[in-house]
Amino acid sequence: MAVDAGLIGWIDEALAPIGQLSKRAMMGGATLYLDGIIFAIVADDQLWFKADAESDAVWDAAGCPRFTFSMGEGREGSMNYRRAPDDVYDDADSMREWAALGIAAGQRAPARKPRRKG
């Protein structure tokens, strides 16, 4: 499954005033970075912002569900990302406002340990 290039272009355009967008392919989707900070993913042509315990109440109040996926054998997993509100798809100010929550969660996330080569 290819990532919607139009969606990525819109995100890049809307966030250009606050930073440099980059992406990395992820299991049929993309992980998005702003100035090197993971802040969102795109999966199934939907945008999901990074969340954490500090921002969960805001996402809950806005009715933004958590990202879930099938793990096989009838099991479901989830990641700490929240579906973007509908207005981010056509309002740059809204995109920046909601992205700021994802960026802040990304900044608070613990640094990943480098992989061992071996």
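# Exercises on a predicted fold

The protein has three helices and six strands. The model is predicted.

## Exercise 1: Layout and overall shape

Task: State the order of the elements from the N terminus on, then decide how compact the protein is for 118 residues.

Solution.
- Step 1. Read the elements from the N terminus: the order is α-β-β-β-β-α-β-β-α.
- Step 2. Take the radius of gyration, which is 14 Å, and set it beside the 13 Å from the globule rule for 118 residues; the two are close, so the protein is as compact as a globular protein of that length.
- Step 3. Add the extents. The C-alpha trace spans about 40 × 35 × 30 Å along its principal axes.

## Exercise 2: Surface, contacts and charge

Task: Find what share of the residues is buried, what share of the contacts links residues 24 or more positions apart, and how far apart the mean positions of the charges lie.

Solution.
- Step 1. Count burial: 38% of the 118 residues qualify as buried.
- Step 2. Turn to the surface. The accessible area is about 7,400 Å², and carbon and sulfur atoms hold 50% of it.
- Step 3. Keep contacts with a separation of 6 or more. Residues 24 or more positions apart make up 52% of these.
- Step 4. Locate the charges. There are 14 positive and 18 negative ones, and their mean positions are 15 Å apart.

## Exercise 3: The nonpolar cores

Task: Describe the largest nonpolar core and name the element that gives the most to it.

Solution.
- Step 1. Size the core: it has 24 residues. Those with the most contacts inside it are Ile11, Leu32, Phe39, Leu47, Phe49 and Met95.
- Step 2. Assign elements. At least two residues each come from helix H1 (5–15), strand E2 (29–34), strand E3 (37–43), strand E4 (46–50) and helix H3 (92–108).
- Step 3. Rank the supply. H1 gives the most, with six residues.
- Step 4. Look for a further core. Another one, of six residues, lies apart from the largest; Met26, Ile41, Ala43 and Trp48 are among its members.
- Step 5. Return to Met95. Beyond its neighbours within four places in sequence, Met95 touches Trp10, Ile11, Ala14, Leu15, Leu47, Phe49 and Val88.

## Exercise 4: Two residues, two settings

Task: Place threonine 31 and aspartate 93 in their elements, then classify each as buried or exposed.

Solution.
- Step 1. Threonine 31 sits in strand E2.
- Step 2. Its relative accessibility is 12%; the cut-off for buried is under 20%, so threonine 31 counts as buried.
- Step 3. List the partners of threonine 31, leaving aside neighbours within four places in sequence: Ser22, Lys23, Arg24, Met26, Ile38, Ala40 and Ile41.
- Step 4. Aspartate 93 belongs to helix H3.
- Step 5. Its relative accessibility is 53%; exposed requires over 50%, so aspartate 93 counts as exposed.
- Step 6. Compare sequence and space. Aspartate 93 and isoleucine 11 are 82 residues apart in sequence, while their C-alpha atoms are 11 Å apart.

## Exercise 5: Positive phi outside glycine

Task: Where do methionine 27 and aspartate 35 lie, and what are their phi values?

Solution.
- Step 1. Methionine 27 is in the loop between strand E1 (21–26) and E2.
- Step 2. Phi of methionine 27 is positive, at about 35 degrees, although the residue is not a glycine.
- Step 3. Check exposure. Methionine 27 has a relative accessible area of 80%, so it is exposed.
- Step 4. Aspartate 35 falls in the loop between E2 and E3.
- Step 5. Aspartate 35, also a residue other than glycine, has a positive phi near 50 degrees.

Terms used: Residues numbered from 1 in each chain as written. Predicted model: local features only at pLDDT ≥ 70, side-chain atom pairs only at ≥ 80, totals over all residues. Heavy atoms only, no water. Helix = DSSP H or I, 4+ residues; strand = E, 2+ residues; numbered from the N terminus. Rg over C-alpha atoms; globule rule 2.2 N^0.38 Å. Buried < 20%, exposed > 50% of the residue type's maximum accessible area, 1.4 Å probe, protein only. Contact = heavy atoms within 4.5 Å. Areas by Shrake-Rupley, 256 points an atom, 1.4 Å probe, with all protein chains shown as cover. Lys, Arg positive; Asp, Glu negative; His and termini not counted. Charge placed at Lys NZ, Arg CZ, Asp CG, Glu CD. Core = buried A, V, L, I, M, F, W, Y, C linked by side-chain atoms within 4.5 Å.
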